[in-house]
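Let's take a friendly look at charged pairs and pocket space in one model. Please keep the sequence and the 3D view at hand.

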Amino acid sequence: MRRVMDFCSGWFPRGPLLPDPADGMARLRAAADAAGRDPATVSVTVFGAKPEEGYLDACREAGMDRALLILPPEGRDGVMPVVDRYAALIG
């Protein structure tokens, strides 16, 4: 992650590979500190976040900026129920 601080202004972790958002953010903050960067200047977007209330809450509490949820490659009838479920998760 140290190299992220050398070349990027954001972190885009994949949700399935980030079981503990708080731990991920702690590693990011440590890398930013080691590089002499303010961690608040690093944008964090979780790609493919788990569509679970507890996981999304953990991302929010850890200080992540946004979470992207995956939609199925289907038509309106397949996608809209998923969108409705996601909307209920985020309020």
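Below come the salt bridges and then the largest pocket.

This is a predicted model, in which local features need pLDDT of at least 70 and side-chain atom pairs count only at pLDDT 80 or more, while totals for chains, interfaces and linings use all residues. Residues are numbered from 1 along each chain as its sequence is written, and side-chain values use heavy atoms, leaving out hydrogens and water.

Two salt bridges are present (a side-chain nitrogen of Lys or Arg within 4 Å of a carboxyl oxygen of Asp or Glu):

| Pair | N to O distance |
|---|---|
| Asp-23 and Arg-27 | 3.4 Å |
| Arg-60 and Asp-57 | 2.8 Å |

Asp-23 and Arg-27 are about one helical turn from each other because they sit four residues apart in helix α2 (residues 21-34). Helices here are DSSP runs (H or I, at least four residues), as are strands (E, at least two), numbered from the N terminus. Asp-23 is partly exposed at 39% relative accessible area, and Arg-27 is partly exposed at 43%; the term covers values between buried (under 20%) and exposed (over 50%), with a 1.4 Å probe and protein chains only. Arg-60 and Asp-57 share helix α3 (residues 53-62), three residues apart, and Asp-57 is partly exposed at 26%.

Arg-60 also helps to line the largest pocket, with Leu-56 and Cys-59 among the other lining residues. Helix α3 contributes most to that lining, with three residues.

Notes: 1 Å grid on protein atoms, 1.4 Å probe; cavity = no way out; pocket = protein on both sides within 12 Å on 5 of 7 lines; lining within 4 Å.
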